[in-house]
Amino acid sequence: MELIAYWIGATMMIVAPLFKIKTWIILVIIGLIVLTHQAINNELYNLVFLNLCSIFIYSFRFNKEQQKEKITL
């Protein structure tokens with residue numbers, strides 16, 4: 001079952017750019033969370049660190065997009 005979840009996480013990251021920016025960021029964050037779980041299970045701590053940094057950066061970007069949306073309303 002975990003293998004299917006890992007494939008879904010990778011697929012989410014691949015199809016994410018096909019959506020609007022806010023949906024894109026959410027899909028990337030969810031995909032990174034799933035892939036971080038896989039990296040932890042395989043003890044690939046360099047990838048865990050990279051994924052956590054990416055999650056933080058995309059979360060920051062999502063926050064900026066929400067603020068930009070409030071300004072335009």
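Being three residues apart in helix α3, Lys68 and Glu65 are separated by about one helical turn, and their side chains meet in a salt bridge with 3.5 Å from N to O. This pair is a convenient place to enter the structure, which is a predicted model. Side chains of opposite charge can pair when their charged atoms come close.

Glu65 has a second partner, for Arg61 also forms a salt bridge with Glu65, and here the closest N and O atoms are 3.3 Å apart. Arg61 and Glu65 both lie in helix α3 as well, four residues apart, which is again about one turn of the helix. Taken together, Arg61, Glu65 and Lys68 are linked in a network of salt bridges. Two members of this network differ in how much of their surface is open: Glu65 counts as buried because its relative accessibility is 11% and the limit for buried is under 20%, whereas Arg61 is partly exposed, with a relative accessible area of 37%.

How many salt bridges does the structure hold? There are three in the structure, and the one not yet described joins the side chains of Lys22 and Glu69, with 3.4 Å from N to O. Lys22 lies in helix α2 and Glu69 in helix α3, which covers residues 45-72, so this pair ties together parts of the chain that are 47 residues apart in sequence. Lys22 is partly exposed, with a relative accessible area of 23%, and Glu69, at 37% relative accessibility, counts as partly exposed too.

With these pairs in mind, we can step back to the whole protein. It contains three helices and zero strands, so that a reader who follows the sequence meets the pattern α-α-α. The C-alpha atoms fill a box of roughly 45 × 20 × 15 Å, taken along the principal axes. Of the 73 residues, 26% count as buried, and the protein exposes about 5,500 Å², of which carbon and sulfur atoms supply 71%. Among the contacts between residues at least 6 apart in sequence, 53% join residues that are at least 24 apart.

The next part to look at is helix α1, which has 14 residues and reaches 20 Å from its first C-alpha to its last, close to the 20 Å expected at 1.5 Å a residue. Which residues of α1 are buried? They are Tyr6, Gly9 and Met12. Seen down the axis of α1, the buried residues fall within an arc of 120 degrees, so they line one face of the helix. These buried residues of α1 pack against α2, while on the other side of α1 the residues Leu3, Ile4, Trp7 and Ile14 are exposed.

Glu2 also belongs to helix α1, and at 45% relative accessibility Glu2 counts as partly exposed. Once the neighbours within four places in sequence are left aside, Glu2 is in contact with His37 and Asn41. The C-alpha atoms of Glu2 and Pro17, which are 15 residues apart along the chain, are separated by 24 Å.

Leaving α1, the chain enters the loop between α1 (2-15) and α2 (21-41), and Leu18 lies in this loop. Is Leu18 buried or exposed? Leu18 is exposed, because its relative accessible area is 70% and exposed means over 50%. Leu18 does not stand by itself on the surface: Ile14, Val15, Leu18 and Phe19 form a nonpolar patch there, with about 430 Å² of accessible area together. Ile14 was met above among the exposed residues of α1.

The loop between α2 and α3 offers a last detail, since Glu43 is found there. The phi angle of Glu43 is near 55 degrees, which is a positive value in a residue other than glycine. Glu43 is exposed, with a relative accessible area of 57%.

Terms used: Residues numbered from 1 in each chain as written. Predicted model: local features only at pLDDT ≥ 70, side-chain atom pairs only at ≥ 80, totals over all residues. Heavy atoms only, no water. Patch = residues over 30% accessible without salt bridge, like charges linked within 9 Å, V, L, I, M, F, W, Y side chains within 5 Å. Areas by Shrake-Rupley, 256 points an atom, 1.4 Å probe, with all protein chains shown as cover. Salt bridge = Lys/Arg side-chain N within 4 Å of Asp/Glu carboxyl O. Helix = DSSP H or I, 4+ residues; strand = E, 2+ residues; numbered from the N terminus. Buried < 20%, exposed > 50% of the residue type's maximum accessible area, 1.4 Å probe, protein only. Expected span 1.5 Å × (residues − 1). Arc of directions from axis to C-beta. Contact = heavy atoms within 4.5 Å.
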